[in-house]
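Take a look at the chain below. The walk starts at one residue and its contacts, then widens to the rest of the model.

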Amino acid sequence: MSTSSQSAALNAHAPTDLRQDTATFGHGLLSTLAAMYARVRASLEDRRVRQHLATLPDSLLRDIGIAEDEIHRIRAYERFTPRAWAERMGTVRRPWDL
């Protein structure tokens, strides 16, 4: 059996550690949920933009720098960076943006 002094020493740190662990877990859970929410919002906004671009007439799409051979990709709600935009930004084109 343990003495009262040993049990008191063991119990003295338990509530503080438990509160700290709970706070750390709560913060981690909230930050994960916030990151997931931000990704969902960004995805929905991206989808709305692609849907809006798909409804624009060809002449307006050409005016904003989308080439004639890329218009079908806009109509298909495809996610890509138009060649003219990539050249203007100075970025390297990815293989899937052919």
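E70 touches G65, F80, P82 and R83, leaving out residues up to four places away in sequence. Contact here means heavy atoms within 4.5 Å. E70 sits in the loop between α2 and α3. Is E70 buried or exposed? E70 is buried, with a relative accessible area of 2%. Buried means under 20% relative accessible area, exposed means over 50%, and partly exposed is in between (1.4 Å probe, protein chains only).

This is a predicted model, in which local features need pLDDT of at least 70 and side-chain atom pairs count only at pLDDT 80 or more, while totals for chains, interfaces and linings use all residues. Residues are numbered from 1 along each chain as its sequence is written, and side-chain values use heavy atoms, with hydrogens and water left out.

Now turn to P82, one of the residues that E70 touches. P82 belongs to the loop between α3 and α4. P82 is buried too, at 3% relative accessibility. Which residues does P82 contact, its neighbours within four places in sequence aside? They are G65, I66 and E70. P82 and E70 are 12 residues apart along the chain, and their C-alpha atoms are separated by 7.2 Å.

Step back to the helices. The chain has four helices and zero strands. From the N terminus on, the order is α-α-α-α. Helices (H or I, at least four residues) and strands (E, at least two) are DSSP runs, numbered from the N terminus. Helix α1 covers residues 4-55. Helix α2 spans 58-63, α3 spans 71-75 and α4 spans residues 83-89.

Next come the charged pairs. A salt bridge is a side-chain nitrogen of Lys or Arg within 4 Å of a carboxyl oxygen of Asp or Glu. The whole structure holds seven salt bridges.

One of them joins R83, a residue that E70 touches, to D69. The N to O distance is 2.6 Å. What does this pair tie together? R83 lies in helix α4 and D69 in the loop between α2 and α3, so the pair ties together parts that are 14 residues apart in sequence. R83 is partly exposed at 25% relative accessible area. D69 is partly exposed as well, at 45%.

Another salt bridge links E78 with R73, with the closest N and O atoms 2.7 Å apart. The two partners differ in cover: E78 is partly exposed at 35% relative accessibility, whereas R73 is buried at 7%. R73 has a second role in this picture. R73 lies over the face of F80, at 4.2 Å from the ring centre. A charge sits over a ring if NZ of Lys or CZ of Arg is within 6 Å of the ring centre and within 35 degrees of the ring normal. F80 is also among the residues that E70 touches.

A third salt bridge brings D46 and R50 together, with the closest N and O atoms 3.3 Å apart. D46 and R50 are four residues apart in helix α1, so they are separated by about one helical turn. D46 is partly exposed at 24% relative accessibility. R50 is partly exposed at 22%. The pair does not stand alone: D46, R50 and R79 are linked in a network of salt bridges.

Look next at Y77, in the loop between α3 and α4. Its phi is near 60 degrees, a positive value in a residue other than glycine. Y77 is partly exposed, at 41% relative accessibility.

Now the surface. The accessible surface of the chain comes to about 7900 Å², and 61% of that belongs to carbon and sulfur atoms. Accessible areas come from the Shrake-Rupley method with a 1.4 Å probe; for residues, only the protein chains shown count as cover. F25, L29, L30, L33 and M36 make a nonpolar surface patch of about 520 Å². Patches are made of residues with over 30% relative accessible area and no salt bridge; like charges are joined within 9 Å, nonpolar side chains (Val, Leu, Ile, Met, Phe, Trp, Tyr) within 5 Å. L29 lies in helix α1 and is partly exposed, with a relative accessible area of 42%.

Finish with the whole chain. Buried residues make up 15% of its 98 residues. Among contacts between residues at least 6 apart in sequence, 16% join residues at least 24 apart.
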